[in-house]
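Got your viewer open? Let's walk through this one stop by stop, picking side chains as we go.

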Amino acid sequence: LLPYYAAALRDPTPRKMIFVHLLGAHPHYELRYPDTFRYFSDGNDPVMTLMRQQNRSPWVRLQRNLYDNAMRYQDHVIARLLQDFKAQIGAGSGAFLFTADHAQEVGHTRDFAGHSLSEAGFTVPLLIWLSPPLPAAVSSALEHRPFQTDVLDWTLLELAHIRTAFDQPHLSLVSAHFVPQTRLIGGKPYAPSSRNRH
């Protein structure tokens, strides 16, 4: 993947949009990372301790560790993509966006691993890096906007400075006209909780 990405970055076209589709962290999680990224095990880290207290099965605990290894590797790849992007544009103008299409339930809320109509199955990271950067106050405000990626196309168009007759700036995360929408999971309103790996 990386050599093709590097070639696309070097392409002399003055304006371009590059899409990179990663395989992600689907089951079987252990197939999504090299052995050198085998980091999490069934040890006594805070997550495993909590999962034992919650009576998560050994199989679900195993899946959680395999998933976290896969995510750690994916983070490594995303960091490399962003580093290469930054190096290529230098002081120029550009935007880098990463998000996932879905997440996985791996013992976050119940004794289950896999696709799930739950917060754990749908809450995903969204990373946007801009050059030139936004003012700190604007950036901080963006970080707290509730957003659902099913309307991500309007954010992409805004970042690419593409205008259409059908623009909906209230759906663009980076627009001054953004209006938070009711987020839904399985057709029901969603209010986020705070869950983090310790």
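A quick word before the first selection: buried means under 20% relative accessible area, exposed over 50%, and partly exposed in between. Keep in mind, too, that this is a predicted model.

**Stop 1: salt bridges in helix H3**

Select Arg64. Its relative accessible area is 8%, so Arg64 falls under the 20% mark and is buried. Now add Asp68, which makes a salt bridge with Arg64, with 3.5 Å between the closest N and O atoms. Is Asp68 buried or exposed? Asp68 is buried too, at 10% relative accessible area. The two residues are 4 apart in helix H3, which means about one helical turn separates them.

Stay on helix H3 and pick Arg80 and Asp84. Here is another salt bridge, its closest N and O atoms 3.2 Å apart. Arg80 and Asp84 are again 4 residues apart in the helix, or about one helical turn. Arg80 is partly exposed, because its relative accessibility of 36% lies between the two cut-offs.

How many salt bridges are there by this rule? The count is 3. For another of them, select Arg38 and Asp35, whose side chains meet at 2.6 Å, N to O. Asp35 is exposed, with a relative accessible area of 58%.

**Stop 2: aromatic rings**

Time to look at rings. A pair of aromatic rings is described by how far apart the centres are and by the angle of the planes. The model has 6 aromatic pairs by the rule used here. Select Tyr29 and Tyr67: this pair is edge-to-face, 5.2 Å centre to centre, with 70 degrees between the planes. The pair links distant parts of the chain, with Tyr29 in the loop between H1 and helix H2 (46-53) and Tyr67 in helix H3 (residues 58-89), 38 residues apart. Tyr29 is buried at a relative accessible area of 1%, and Tyr67 is buried at 9%.

Next, select Phe85 and Phe96. Their rings form a tilted pair, 5.8 Å centre to centre and 50 degrees between the planes. Since Phe85 sits in helix H3 and Phe96 in strand E1 (residues 94-99), the pair ties together parts 11 residues apart in sequence. Both Phe85 and Phe96 are buried. Add Trp129 to your selection and you have one aromatic cluster made of Phe85, Phe96 and Trp129.

**Stop 3: arginines over rings**

Which ring does Arg72 lie over? Select Tyr39 to see: Arg72 is over its face, 4.2 Å from the ring centre. Then go to Arg110, whose charged end sits over the ring of Phe112, 4.3 Å from the centre.

**Stop 4: a threonine in helix H6**

Jump to Thr155, in helix H6 (residues 152-159). Thr155 counts as buried, because its relative accessibility is 0%. What does its side chain reach? Show the backbone of Leu173 as well: the Thr155 side chain reaches the backbone nitrogen there at 2.9 Å.

**Stop 5: out to the surface**

Finish at Leu1, in the segment before helix H1 (2-10). Leu1 is partly exposed, with a relative accessible area of 49%. Now add Ile18 and Val20: with Leu1, they make a nonpolar surface patch of about 220 Å².

Conventions: Residues are numbered from 1 along each chain as its sequence is written. This is a predicted model: local features need pLDDT of at least 70, side-chain atom pairs count only at pLDDT 80 or more; totals for chains, interfaces and linings use all residues. Side-chain values use heavy atoms; hydrogens and water are left out. Patches are made of residues with over 30% relative accessible area and no salt bridge: like charges are joined within 9 Å, nonpolar side chains (Val, Leu, Ile, Met, Phe, Trp, Tyr) within 5 Å. Accessible areas come from the Shrake-Rupley method with a 1.4 Å probe; for residues, only the protein chains shown count as cover. A salt bridge is a side-chain nitrogen of Lys or Arg within 4 Å of a carboxyl oxygen of Asp or Glu. Buried means under 20% relative accessible area, exposed over 50%, partly exposed in between (1.4 Å probe, protein chains only). Rings of Phe, Tyr and Trp (its six-membered ring) pair if their centres lie within 6.5 Å; planes under 30 degrees apart count as stacked, over 60 as edge-to-face and the rest as tilted. A charge sits over a ring if NZ of Lys or CZ of Arg is within 6 Å of the ring centre and within 35 degrees of the ring normal. A polar contact is a pair of N or O atoms within 3.5 Å; within protein, one must be able to donate a hydrogen and the other to accept it, and residues adjacent in sequence count only if both atoms are side-chain atoms.
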